[in-house]
Amino acid sequence: MSNSRIEQIIEEIEDYIDTCKGPLLGSGDKIIVNRERMEELLRELRMKTPEEIKRYQKVLANKDAILADAQKRAEAIVAQANLQNQEMVNEHEIMQQAYEQANQVIETAGIQAQEILNNATRDANEIRLGAIQYTDDMLADVQEVIQKMVETSNTHYEAMMNDFQGIYATITSNREELMPQPPSQPEETKEAAEAEPEQS
């Protein structure tokens, strides 16, 4: 059975993430994604999801046809049983036997008809539950991919800001080292300057 378009889009997102290059700074497990390309894939995914649901709704709609066919077969069995009953009633000598056989045929027909209806209802419910589960699984996969993208972007941004802060601190330190320091006054000159007012 071929994959649905939703599965193909998810595979395309995964393949695209694998081809994305990492940033110049930061750890090697970070990537930079093309926002336009990612939005294009997600937009197509949103458009295809209702189509998948409609496809399974169409499958569920077949339940009515299954039930109608089962009802038709049940009615045909009952009609055949009634016809056989009528034919046997016309024979007086075997009237009692005819009644017994007719009742048995009608009972068997009713059991068969109920089994057909039960099977058809069970199949329709299984198809409906399968469609719901399938759609939920697809949406869960998309949710996981988007969550990983958000986590990767946040981690990359935090690492980039830490790198910038480190570079900023290095530049500040280098500038302080380049600033000229005021010359220190010799000790003898300092003592002479302090003694000079006393001589006057």
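The lining of the largest pocket breaks down into 10 nonpolar, 3 polar and 6 charged residues (nonpolar means Ala, Val, Leu, Ile, Met, Phe, Trp, Tyr, Cys and Pro; charged means Asp, Glu, Lys and Arg; the others, Gly among them, are polar). This is a predicted model, where local features need pLDDT of at least 70 and side-chain atom pairs pLDDT 80 or more, while totals for chains, interfaces and linings use all residues. Residues are numbered from 1 along each chain, and side-chain values use heavy atoms, without hydrogens and water.

The largest pocket holds about 500 Å³ of space. Of its 19 lining residues, Val-33, Met-38, Met-149, Val-150 and Ser-153 sit closest to the centre (a pocket is an open set of points on a 1 Å grid where a 1.4 Å probe fits, with protein on both sides within 12 Å along at least five of seven lines; lining residues have an atom within 4 Å of a point). Helix 3 (95-178) chips in at least two lining residues, as do helix 1 (5-19) and helix 2 (35-89); the largest share, 10 residues, is from helix 3.

Helix 1 also meets helix 3 directly: Ile-6, Glu-7, Ile-10, Ile-13 and Ile-17 touch Tyr-134, Met-138, Asp-141, Val-142, Val-145 and Met-149 (heavy atoms within 4.5 Å). Those contact residues split into 9 nonpolar, no polar and 2 charged.

Technical notes
Points joined across faces, edges and corners; volume = space filled by probe spheres on them. Helix = DSSP H or I, 4+ residues; strand = E, 2+ residues; numbered from the N terminus.
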